[in-house]
Structure formats: C-alpha cells, structure tokens
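Work through the following exercises with the sequence and the coordinates open, and try each task before reading its solution.

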Amino acid sequence: MTDWCDFNDAQQQPSFDLIPKGTLARVRMTLKPGGFDDPAQGWTGGYATQSFETGSVYLAAEFVVLEGEYARRKLWSNIGLHSPKGPTWGQMGRSLIRAILNSARNVHPQDMSPQAAAARRIQGFHELDGIEFAARIDVEKDGRGELKNVIRNAVEPDHPDYARLMGLPPKNPGSGSTGAPAAATPPRTTPPVNPQRPAMPGKPAWAQ
C-alpha cells in the first residue's frame, strides 16, 4: 500500500534534458485533431488546426521515440499547411510530409517511378496518424525563448543509417549506389491511434 506520508520509496523524477541536436531515431507520429477542415484543399477528418491569432493552418504532431537511449521520449512540432504571409510555410510542410512518406514507405527520394509516385500519395491525413519513420531531432527556441526538441527532417532511404534505424536488412552492395527498388517493402508500422477515425477500407493506393 502506498504511504502518502513517506516518499523515500518514490521513483526519482525523470530527466527532461534535451535530446542532443542531430540525434537520429525511429519515431511514431500522432496528430492532435484541431477540427479545421477545408475539403477544397484535401484537409478533411478534422485533423488540421487553424490559429485564431494568425490564421495559419497546421497539423499539430506529437512524436514518440520508439527505440534506443531516448525511447518513450515525446516531442511536439507543427507541420505547416498554410500561412497568410505566403506559401513558404506550406511548402516546408509538404516537403516534410513527402520525406516522412519516403522514410515510412522505404522510397528513395530520387525515385520517380509510378510505384514511388503512388507511395507519396495519401487518401487523407488519417494515413499520417500513427505513421512510423526515421527522424533527425533538432533543437529550437519556443515562444518563451526556452529550448525544446523538434523534428524538421525525416531520414530517407538514401541516408547511410536509414536501414539500421528502420530495422531493415543492409542494402546489397551489388544493387548499385543510386536509386532504390521502387516496390520495396515498407518497414513495420502500427495502426492509427485514433479509433474514431479509422483508415479507409482496402489497401492504400501506394501498396496496390
């Protein structure tokens, strides 16, 4: 029975030191629904969030480190979809999502085959909710000037540490040094964490 007068046997509080800038890790991304939809843009399912202050639209993402020294550590980042100031933020968000899909589905960034093109398409943001990929962890200042960990880049299959991070067999040296098989088998993933919005039935387009 827990003694709420004696705390000598309580566990020490966990350390919240920053993960070093540049650390590579396999992560799982989940999306915090913001309830903002714009079907004309393909933003459906209530996943997007609109800022009341700026009018910007983004995906509020949480990342959990799955393995290694920092396993179970959580990070938070926003993936830009739209900014009233111009297209730059949305373009950065599209670039990150493209790299996440390449990483999660084992598609070389330079592969422009029909299979690779299909792997970079999604039916909706629900396909990103629960996706696992390799990431590079960064450090930035928040609105209060305090340092925090964020994710700005995914580690794609052309990176030398990609196979190790994703638990894939090493690349065959005889297969060449440029490009990657367009129909490579995706690394293991977990289903979306939000049971209220299940993925669409049937195989995703990129796997057909």
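The exercises go from the chain as a whole to the pairing of individual strands.

This is a predicted model, in which local features need pLDDT of at least 70 and side-chain atom pairs count only at pLDDT 80 or more, while totals for chains, interfaces and linings use all residues. Residues are numbered from 1 along each chain as its sequence is written, and side-chain values use heavy atoms, with hydrogens and water left out.

**Exercise 1.** Determine how many helices and strands the chain has and in what order the elements run.

Step 1. Take helices (H or I, at least four residues) and strands (E, at least two) as DSSP runs, numbered from the N terminus. Step 2. Counting these runs gives three helices and seven strands. Step 3. Read from the N terminus, the order is β-β-β-β-β-α-α-β-β-α.

**Exercise 2.** Describe the burial, the surface and the contacts of the chain.

Step 1. With buried meaning under 20% relative accessible area, exposed over 50% and partly exposed in between (1.4 Å probe, protein chains only), 38% of the 208 residues count as buried. Step 2. The accessible surface, from the Shrake-Rupley method with a 1.4 Å probe, comes to about 13000 Å², and carbon and sulfur atoms hold 53% of it. Step 3. If contact means heavy atoms within 4.5 Å, then, among contacts with a separation of 6 or more, 60% come from residues 24 or more positions apart.

**Exercise 3.** Trace the pairing from β2 through β3 to β4, and find the glycines with positive phi in the two hairpins.

Step 1. Two strands pair if DSSP finds at least two bridges between them; β2 (residues 36-38) and β3 (residues 43-50) are joined by two bridges in the antiparallel sense, with Asp-38 opposite Trp-43. Step 2. Four residues lie between these strands, and in this hairpin Gly-42 has a positive phi near 85°. Step 3. β3 also runs antiparallel to β4 (residues 57-65), again over two bridges, where Thr-49 partners Tyr-58 and Gln-50 partners Val-57. Step 4. The hairpin of β3 and β4 has six residues between its strands, and Gly-55 takes a positive phi near 80° there.

**Exercise 4.** Find the other pairings of β4 with β1 and β5, and explain why β4 is largely enclosed.

Step 1. β1 (residues 24-32) pairs with β4 in the antiparallel sense over six bridges, and Met-29 stands opposite Phe-63. Step 2. β5 (residues 74-82) pairs with β4 over eight bridges, also antiparallel, and Ala-61 faces Ser-77. Step 3. Because eight of the nine residues of β4 are buried, this strand is largely enclosed by the rest of the structure.
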